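Me: I should like to understand how the descriptive terms applied to a structure follow from its computed values. Please take the terms one at a time and give the reasoning behind each.

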Amino acid sequence: MTDISKEAMMPPRSFLSQDAVQVFYRLLAALLICAVLAVLSDSFLSLGNILNVLRQASLTFFIASGLTLVVLTAGLDLSVGANVALSACIAGTVIHKTGSPALGILTGLACGGLVGLLNGIMVTALRIPSFIATYGMLWVLNGLTYWYMAGETLHGFPAGFRQIGSGYLFGLPIPVYLLLVFLGIGTLFAQRTIWGQEIYAIGANPVAARLSGIPVARRLLLVYAVSGTMAGLASIIFLSRLNSAEADIGESLTLPAIAAVLIGGTSLFGGVGTVFGTFIGALILTLVLNGMNLLSVSANWQPLVTGIIVILAVWLDMKTRRRAQ
């Protein structure tokens, strides 16, 4: 094996890798936030609030988990929020027209995956930087969604379908079970499969990865398609949770998803990060926003606080990684 091949194909990532240490620090941060909020608010530790935090964190995680794979390749997908909106509106239309939630779910997933695949084609075949390609896709999807909905709102979906986003099973919200399933699948895929290792290798050094025989273009197509499909899944959860769909449903979803990825320790430069870290990032972000609501902090301050947290998380991550090297 050549030196380039050795560089590209990193050994399987162990549980006690640098990534795991970073996740541990973030878990401590989440516990510290919980302790502070428990002191400041009597409502924080109530069962209803804890379940609400888990439900909200799961919704952010569905979008951010697929985005994590893209960022691991040193790419970015800015179209996830707009993808959620278009997929939800089309899925809602199918459910209304056919009366079949199953067909609507499949349509939402297919729409999300197709958008992700188109993003991947622009990045690999047309060689457009991912930031530009997905930013352009964001506007295309917004235009299509607003044209398609024409100012209308879809609402009133079957009770069984609404259980996906708002129902409970053994006392836990159903989205939390879905979160656990996809958290396990995402972690195993990224950490324990050859395709996952190749994604890390592409993010660490794309030239070395290509020269070592890794099909870089196909793997990039895969991660963008997965990111789009997870946005499609999130659209189904949001649709069933809100019991309605309108064109602006995804406008506020992209930046929190990116924030969860960065807070979770995934590097924008690629090759570093974990899906589990993204879950912790989504949890920290949700805890902070939940705490601000409990403490009656004006919603106008929430974007500012979110931005500060993201900057601090990235700065601390870069500082600790430089020290570790």
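Reply: The exchange below concerns a predicted model and takes up helices, then single residues.

Me: How do you know that the length of helix α8 agrees with its number of residues?

Reply: Helix α8 runs over residues 174-192 and has 19 residues. At 1.5 Å a residue, counted for one less than the number of residues, the expected span is 27 Å, and the end C-alpha atoms are 27 Å apart, so the two agree.

Me: What puts the buried residues of α8 on the same side of the helix?

Reply: The buried residues of α8 are Pro175, Val176, Leu179, Leu183, Gly186, Ala190 and Gln191. They cover an arc of only 100 degrees around the axis, and therefore they lie on the same side of α8. The face turned away from this buried side carries the exposed residues Leu180, Leu188 and Arg192.

Me: Which elements cover the buried residues of α8?

Reply: The cover includes the helices α3 (47-72), α7 (159-166), α9 (194-204), α11 and α13 (275-294), together with the strand β3 (172-173).

Me: How do you know that the length of helix α2 agrees with its number of residues?

Reply: The same test is applied to residues 18-40. The 23 residues of α2 should span 33 Å at 1.5 Å a residue, and the end C-alpha atoms are 33 Å apart, so the value agrees with the expectation. Within α2, the buried residues are Asp19, Gln22, Val23, Arg26, Ala30 and Leu37.

Me: What describes the packing of α5 with α11?

Reply: Two packed helices are described by the angle between their axes and the distance between the axes. For α5 (residues 101-124) and α11 (residues 216-242), the angle is about 150 degrees and the axes are 7 Å apart. Their crossing is right-handed. By class, the contact of α5 with α11 has twelve nonpolar, eleven polar and no charged residues.

Me: Why is Ser227 called buried?

Reply: Ser227 lies in helix α11. Buried means under 20% relative accessible area; Ser227 has 0% relative accessibility, and therefore counts as buried. Not counting residues up to four places away in sequence, Ser227 touches Gly66, Leu67, Val70, Asp77 and Val80.

Me: Why is Ala209 called buried?

Reply: The relative accessible area of Ala209 is 0%, so this residue is buried by the cut-off of under 20%. Ala209 belongs to helix α10 (residues 206-211). From C-alpha to C-alpha, Ala209 and Ile199 are 9.2 Å apart in space and ten residues apart in sequence.

Me: Why is Pro206 called partly exposed?

Reply: Pro206 also lies in helix α10. Partly exposed is the class between under 20% and over 50%; Pro206 has 37% relative accessibility and therefore counts as partly exposed. Leaving aside neighbours within four places in sequence, Pro206 is in contact with Ala201 and Val216. Pro206 and Ile90 are 116 residues apart in sequence, and their C-alpha atoms are 36 Å apart in space.

Me: What makes Gln163 partly exposed?

Reply: Gln163, in helix α7, has a relative accessible area of 39%, so it is partly exposed. Gln163 touches Tyr168 and Ile174, not counting residues up to four places away in sequence. The C-alpha atoms of Gln163 and Ala209 are separated by 44 Å, with their positions 46 residues apart along the chain.

Me: Why is Gly99 called exposed?

Reply: Exposed means over 50% relative accessible area. Gly99 has 51%, and therefore it is exposed. Gly99 lies in the loop between α4 (80-98) and α5. The C-alpha atoms of Gly99 and Pro158 are separated by 8.0 Å, although these residues are 59 residues apart along the chain.

Me: What is notable about the phi of Arg127, and why is this residue called exposed?

Reply: Most residues other than glycine have a negative phi. Arg127 is not a glycine, yet its phi is positive, about 55 degrees. Arg127 is in the loop between α5 and α6 (130-149). Its relative accessibility is 68%, so Arg127 counts as exposed.

Me: Why is Asn243 called buried?

Reply: Asn243 has 18% relative accessibility, and therefore counts as buried under the 20% cut-off. Asn243 is found in the loop between α11 and β4 (244-245). Asn243 has a positive phi of about 60 degrees although it is not a glycine.

Conventions
Residues numbered from 1 in each chain as written. Predicted model: local features only at pLDDT ≥ 70, side-chain atom pairs only at ≥ 80, totals over all residues. Heavy atoms only, no water. Axes fitted to C-alpha atoms, helices over the stretch in contact; angles between N-to-C directions. Helix = DSSP H or I, 4+ residues; strand = E, 2+ residues; numbered from the N terminus. Left-handed = near helix turned anticlockwise from the far one by under 90°. Nonpolar A, V, L, I, M, F, W, Y, C, P; charged D, E, K, R; others polar. Buried < 20%, exposed > 50% of the residue type's maximum accessible area, 1.4 Å probe, protein only. Arc of directions from axis to C-beta. Contact = heavy atoms within 4.5 Å.
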